[in-house]
Amino acid sequence: MAGVAGRLARLWCSGALSSLPVCSPLQVTRFPALQLHLCGPAMRASQKDFENALNQVKLLKKDPGNEVKLKLYALYKQATEGPCNVPKPGVLDFINKAKWDAWSALGSLPKETARRNYVDLVSSLSASSEPSIQVTPAADRKQPGSDALVVTSQDGITTITLNRPDKKNALTTQMYHDIILALEAASKDDSAITVLTGNGDYYCSGNDLTNFTDIPPGGVEEKARSGAVLLRDFVDCFIDFPKPLVAVVNGPAVGISVTILGLFDIVYATDRATFHTPFSHLGQSPEGCSSYTFPKIMGPSKATEMLVFGKKLTAREACTQGLVTEVFPDSTFQKEVWVRLKAYSKLPPNAMRISKQVIRNTEKEKLHAINAEESNVLRERWLSDECMNAVVSFLSKKAKL
């Protein structure tokens, strides 16, 4: 799903809220959902409080995310102009329709209440934007250009950790590039094994919907084309990786993080993990060579349940069907897995590389061809009306206040 949101993420980008002063959209942070219609007694917000809040928004250290921006926009309009009084934009005017929906949802909320809610919301964001302290091992080296990926090398193991726990480790465009660089570096370093895992409760929630907010001069067609190229290059790195590659699935996995599992040599999962590929729900098609690897691993009918109908598997179900190598109790998951991996890393590294080559090389050419075909099909899907409508429907549900 690397790119479908690019066509429609404009609905959520900061430009959609241009009438509000907001901070830079470069780094998006999830905040808890906040109710706009507050009940019970509340202090009145003076015009000065409201103006201070407007200025305070500009000073936020982190972007609050586009859902919150829509709420800020709606409250600002309600506080300054009252109930929504402009015609509803057309269905294809995604940006203005999202703004209109947010404002209209406030109904007849009084200006004073909207002003108070705006002040309270900005106050909560200011408190939430205080930086948190994260302690990481001294051996950590972060990928250039991104704090969302941490690469460590220790005990013969190179570990690539998705490091956006507040966004459920959703993949940004930069992270795609960084993972490619990390895999290229790991293929040449002195480690015997390479591990991909996530920080926090999620392994990976798939793609960040803000991936493609910058529409190039070539328009959405160019965005779809470049997205397909990036997806193809990303998956090719997993196909060609020469060392044993292990997925340590520490929580729920969605989309691309699931489909590429068929290219890993071992997949260990906590019993808390789930595996979900909701392609049809978004008008898309499979990627990561899953159109070939999944039927081969679990049989055509089980693969169809996952890839076509979007059935979510538990860790036990995924293990039974062959997608997961072994499932561990969540309470002992990290300890058991890393003890085992450290033992494996002491095996002769060249022997492991050669053995993997013997097992995998016969299908490399086929996998590259399948990857190229899947990427081309997805490029066409991203430009289709069906995909457009499915994603708009998804985003509209998410935008309801």
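**Close-up 1. Helix 12, end to end.** Helix 12 runs over residues 333-344 of this predicted model. Its 12 residues, at 1.5 Å a residue, should span 16 Å, and the end C-alpha atoms sit 17 Å apart, which agrees. That expected span is 1.5 Å times one less than the number of residues; helices (H or I, at least four residues) and strands (E, at least two) are DSSP runs numbered from the N terminus.

**Close-up 2. The two faces of helix 12.** F333, V337 and L341 are buried (under 20% relative accessible area, 1.4 Å probe, protein chains only). They share one side of the helix, because the arc they cover around the axis is only 35°, taken from the axis-to-C-beta directions. An α-helix has 3.6 residues a turn, so residues three or four places apart point the same way. Turned away from the buried side are K335 and V339, both exposed (over 50%). The buried residues pack against strands 3 (157-162), 4 (193-198), 5 (245-249), 7 (266-270) and 10 (326-328), with contact meaning heavy atoms within 4.5 Å.

**Close-up 3. Aromatic pairs.** Rings of Phe, Tyr and Trp (its six-membered ring) pair if their centres lie within 6.5 Å; planes under 30 degrees apart are stacked, over 60 edge-to-face, the rest tilted. That rule gives seven aromatic pairs. Y176 and F234 meet edge-to-face, 4.7 Å centre to centre with 65° between the planes. This pair joins helix 6 (residues 173-186) to helix 7 (residues 219-240), 58 residues apart. Ring pairs link Y176, F234, F238 and F264 into a cluster.

**Notes.** Numbering starts from 1 along each chain as its sequence is written. Local features need pLDDT of at least 70 and side-chain atom pairs 80 or more, while totals for chains, interfaces and linings use all residues, and side-chain values use heavy atoms, leaving out hydrogens and water.
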